[in-house]
Each structure stands twice: as structure tokens, then as C-alpha cells.
Amino acid sequence: MKDRLKGFIEKFKEQTGYASMLEVHGTGELLLTGCRTLLDFDDNTITVDTVNGTVRICGKCLSITAYRHDLLCVTGEINVIDMGGVC
């Protein structure tokens with residue numbers, strides 16, 4: 001799985017340049033690449049600095065299930081995804 005993810009990230013960088021990518025699966029899972037720093041998090045809000053600016057995820061019972069390199073995976077009840085950083 002690790003090699004597959006690494007390959008995906010490298011392929012993505014080659015094709016798009018270094019940019020953030022947001023993938024949402026329903027209202028319960030979010031995958032964000034291009035992360036620089038985890039700025040703040042609690043059960044209701046997660047704020048991340050990315051290569052394209054601040055992203056804030058708001059909802060209920062939010063949990064960070066993966067955070068490595070430039071990848072963040074969040075699960076829980078996701079209600080709002082704000083690309084400017086304010087919910």
C-alpha cells in the first residue's frame with residue numbers, strides 16, 4: 001500500500017505540478033494531498049496549510065486516520081470543506 005501511494009503521489013506531481021488535490025468519498029471520508037502543516041484540529045474542525053493555501057474541514061466526530069508526507073486522510077461526518085480556511 002505504501003509503495004502504491006508513493007507512486008500515485010509522484011505520478012500526480014509529474015502530471016499536474018505540485019498542487020493540492022482533494023478527494024471526497026460521500027460525507028464520511030476525505031483525502032487531501034499537498035499538505036504542508038497541520039495547523040489545528042479537534043473533533044469538529046481540522047485546519048491544514050497546503051501548497052495552495054489553507055483548507056478547513058468542519059463536521060462532527062472528525063478523526064485523522066492518516067497523516068504522512070503531504071497526505072491527510074480524515075473520516076467522520078464532514079459537513080463543510082472551506083478552501084479559504086473559515087467555516
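Student: How many residues does the hairpin that joins β4 to β5 run through?
Tutor: The hairpin from β4 to β5 goes through two residues. Keep in mind that this is a predicted model, in which local features need pLDDT of at least 70 and side-chain atom pairs count only at pLDDT 80 or more, while totals for chains, interfaces and linings use all residues. Residues are numbered from 1 along each chain as its sequence is written, and side-chain values use heavy atoms, with hydrogens and water left out.

Student: OK, and what does the secondary structure of the chain come to?
Tutor: The chain has one helix and six strands, and from the N terminus on its elements run α-β-β-β-β-β-β. Here helices (H or I, at least four residues) and strands (E, at least two) are DSSP runs, numbered from the N terminus.

Student: In what order do the six strands sit in the sheet?
Tutor: The open sheet has the order β1-β2-β6-β5-β4-β3, with antiparallel pairing; two strands pair if DSSP finds at least two bridges between them.

Student: Why is one side of β1 and of β3 left without a neighbour in the sheet?
Tutor: That is because β1 (21-25) and β3 (35-41) stand at the edges, where each has a single partner strand.

Student: So which strand is β1 joined to?
Tutor: β1 is joined by five bridges to the antiparallel strand β2, residues 29-33, and in this pair methionine 21 has threonine 33 of β2 as its bridge partner. On from there, β2 is joined, again by five bridges, to the antiparallel strand β6, residues 71-82, where the bridge partner of leucine 32 is leucine 72.

Student: And how many bridges join β5 to β6?
Tutor: Ten bridges join β6 to strand β5, which covers residues 53-68, and the two run antiparallel. One residue pair to look for is isoleucine 57, whose bridge partner in β6 is isoleucine 81. The hairpin of these two strands has two residues between them, and in this hairpin histidine 69 takes a positive phi near 50°.

Student: What about the other edge, how is β3 joined to β4?
Tutor: Five bridges join β3 to the antiparallel strand β4, residues 45-50, and the hairpin between β3 and β4 passes through three residues. Aspartate 40 has threonine 47 in β4 as its bridge partner. Then β4 is joined to β5 by six bridges, also antiparallel, and there aspartate 49 stands opposite threonine 54 in β5.

Student: New topic: is cysteine 35 buried or exposed?
Tutor: Cysteine 35 counts as buried because its relative accessibility is 5%, whereas cysteine 61, at 63%, counts as exposed. Buried means under 20% relative accessible area, exposed over 50%, and partly exposed in between, with a 1.4 Å probe and protein chains only.

Student: How many disulfides are counted, then?
Tutor: The count is zero disulfides, where a disulfide is a pair of cysteine sulfur atoms within 2.5 Å.

Student: What share of the whole chain counts as buried?
Tutor: Of the 87 residues in the chain, 31% count as buried. Valine 24, which lies in strand β1, is partly exposed, because its relative accessible area is 39%.

Student: One last thing, where is the place of glycine 84?
Tutor: Glycine 84 is in the segment after β6, and glycine 84 is exposed because its relative accessible area is 63%. If you go from C-alpha to C-alpha, glycine 84 and asparagine 52 are 9.9 Å apart in space, although they are 32 residues apart in sequence.
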